[in-house]
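This briefing sets out the main features of one protein model, grouped by topic. Please read it alongside the sequence and structure shown here.

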Amino acid sequence: MTEESMNPPEATGPAANGWPIDSDAVLAGVEEKQDDRVLDPGNLDAEHHALELKFRAYLESGSEDEVRSLARELSSGDLCEVLRPLSVEDTARILKLLPPDDLAEVLSEIDNRSLNVLFTLLDIAEIADLIEEMSSDDAADLIGDLDDAQAAEVLAAMDEEERFEIAELLRYPPESAGGLMGKEYTTCTVAETAADAVAALRGLEEGDLEETHFVYVVDDKGRLTGRVPLYRLVIAGPQQQVSELMETDPLYVEVDLDQEAVAGFARMHDLITVPVVDHQMRLVGRITADDMLDVMEEEATEDISHLAGVSVGEYGEQSSFRVARSRLPWLLGALVGQVGGVSVLNHFQASLQARVILVIYIPMIMAMAGNIGIQTSAVVVRGLATGEIDFF
């Protein structure tokens with residue numbers, strides 16, 4: 001045995017600077033990540049369809065253990081895509097089998113159709129427990145979708161700290177920076193050290209820490225003055241001052257800025273996290289990249305919907321009656337204009353030969369068919385682009 005094998009190499013990075021490394025915790029985190037099933041990114045539609053069929057078979061046979069095991073193998077995003085074509089009842093049956101932590105992750109991404117049904121199967125205390133497991137921005141969005149009476153009941157059943165955070169977020173318009181932001185962020189002051197900043201990070205829950213990229217520096221009044229990237233904390237010594245590590249004049253947005261402007265601002269400056277301040281420059285929240293991507297998709301959907309004359313709420317709607325009701329005002333408006341055109345032609349029908357009298361109805365038929373075709377194509381194209389519609 002060589003001397004080198006008997007003596008392990010010197011630690012580098014944080015350990016060399018005096019930071020302790022919990023190798024067991026690191027390995028546990030790696031093993032936990034390896035438990036998720038990795039789907040082929042080049043063949044996602046086919047894999048989602050195969051998993052959908054497998055879920056249907058397990059549900060028909062009543063194999064709840066297999067359903068639970070398969071659902072826990074998938075990431076929350078993949079599970080939501082697999083559940084999308086299933087009926088509301090089957091979706092609720094699957095979600096009821098998930099443990100609270102996994103269910104909370106799925107609830108932050110699943111469609112409102114399944115959310116509403118799931119809430120009818122749970123009591124208020126269970127709903128409150130699930131929402132407490134979610135990030136504050138997702139929890140606020142979820143509660144904002146409930147009716148006032150149910151939202152008040154859920155908030156009353158939550159812990160005081162979580163209730164205060166969500167109530168604060170609900171004060172802002174949903175399509176503003178304040179409505180997008182979350183409260184999971186870490187702060188320190190310029191007088192503190194790197195060790196103090198790391199200690200503050202250790203106070204975060206694991207799920208919140210995964211979305212943390214900076215420690216924000218504030219003054220004694222809570223006003224944003226800078227930020228410290230995590231990589232600088234990794235290579236810094238424990239006693240190094242935050243003032244030496246921080247980036248001054250960080251980019252930020254104010255709470256009342258429209259969400260589309262927030263997404264454009266982040267895209268322009270290549271930001272993965274955007275701090276949010278109030279009108280006194282006090283740090284009140286942060287917006288992460290996944291929320292900004294959702295905004296971009298939402299705004300693009302809204303724009304193309306307005307061009308085609310369809311309602312944004314129609315996407316994901318399975319009721320033909322509700323779809324027809326949302327389109328009816330646009331179609332009636334078009335019909336009125338077309339009837340006017342027909343009336344004009346009809347006024348001059350005496351000058352037309354009797355055998356071509358039916359020609360006056362052709363513009364109305366063609367125009368209506370064109371409107372319906374544009375609306376349908378807009379919904380289908382958007383559904384194909386986002387994966388909500390496939391050919392299986």
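Which residues of E6 lie on one side and which on the other, and are they buried or exposed? Thr273, Pro275 and Val277 lie on one side of E6 and Val274 and Val276 on the other, and all of them are buried, which leaves both faces covered. The model is a predicted one. The protein contains 21 helices and 7 strands, and 35% of its 392 residues are buried.

**Overall features**

- The accessible surface of the protein is about 22,400 Å², and carbon and sulfur atoms contribute 56% of it.
- Among contacts in the protein with a separation of 6 or more, 60% are between residues 24 or more positions apart.

**The sheet of three strands**

- An open sheet of 3 strands follows the order E5-E6-E7, and its pairing is mixed.
- Strand E5 (253–254) and strand E7 (283–288) are at the edges; each has a single partner strand, so one side of each has no neighbour in the sheet.
- Strand E6 (residues 273–277) runs parallel to E5, and 2 bridges join the two.
- Glu254 is placed opposite Val277 in E6.
- E6 and E7 run antiparallel and are joined by 5 bridges.
- Pro275 has Arg286 as its bridge partner in E7.
- A hairpin is formed by E6 and E7, with 5 residues between them. Met281 in the turn has a positive phi of about 70 degrees.
- Strand E6 is largely enclosed by the rest of the structure, because 5 of its 5 residues are buried.
- In a regular strand, side chains alternate between the two faces of the sheet. The two groups of buried residues in E6 are Thr273, Pro275 and Val277 on one side, and Val274 and Val276 on the other.

**The sheet of four strands**

- A second open sheet has 4 strands in the order E1-E2-E3-E4, with mixed pairing.
- Its edge strands are strand E1 (186–188) and E4, each of which pairs on one side only.
- Strand E2 (residues 214–218) and strand E3 (residues 224–229) run antiparallel and are joined by 5 bridges.
- Tyr216 is placed opposite Arg227 in E3.

**Salt bridges**

- Side chains of opposite charge can pair when their charged atoms come close. The structure holds 12 salt bridges.
- Asp65 and Arg68 form a salt bridge in which the closest N and O atoms are 3.1 Å apart. The two residues are 3 residues apart in helix H4 (residues 64–73), so about one helical turn separates them.
- Within this pair, Asp65 is exposed at 56% relative accessibility, whereas Arg68 is partly exposed, with a relative accessible area of 29%.
- Glu81 and Arg84 also meet through their side chains in a salt bridge, at 2.8 Å from N to O. Glu81 is partly exposed at 24% relative accessibility, and Arg84 is partly exposed with a relative accessible area of 25%.
- A further salt bridge joins the side chains of Glu247 and Arg232 (3.7 Å, N to O). This pair links distant parts of the chain, with Glu247 in strand E4 (residues 247–248) and Arg232 in helix H16 (residues 230–235), 15 residues apart.
- Glu247 is partly exposed, with a relative accessible area of 22%, and Arg232 is partly exposed, with a relative accessible area of 25%.
- Glu184, Glu211 and Arg286 are joined into one network by salt bridges that share partners.

**Cysteines**

- The number of disulfides, for cysteine sulfur atoms within 2.5 Å, comes to 0.
- Cys80 is buried, with a relative accessible area of 6%.
- Cys188 is likewise buried, at 3% relative accessibility.

**Nonpolar surface patch**

- Leu328, Leu332, Leu335 and Val339 make a nonpolar surface patch of about 300 Å².
- Leu335 lies in helix H20 (residues 320–347).
- Residues of such a patch need over 30% relative accessible area; Leu335 is partly exposed, with a relative accessible area of 31%.

How values were computed: Residues are numbered from 1 along each chain as its sequence is written. This is a predicted model: local features need pLDDT of at least 70, side-chain atom pairs count only at pLDDT 80 or more; totals for chains, interfaces and linings use all residues. Side-chain values use heavy atoms; hydrogens and water are left out. Patches are made of residues with over 30% relative accessible area and no salt bridge: like charges are joined within 9 Å, nonpolar side chains (Val, Leu, Ile, Met, Phe, Trp, Tyr) within 5 Å. Accessible areas come from the Shrake-Rupley method with a 1.4 Å probe; for residues, only the protein chains shown count as cover. A salt bridge is a side-chain nitrogen of Lys or Arg within 4 Å of a carboxyl oxygen of Asp or Glu. Buried means under 20% relative accessible area, exposed over 50%, partly exposed in between (1.4 Å probe, protein chains only). Two strands pair if DSSP finds at least two bridges between them. Contact means heavy atoms within 4.5 Å.
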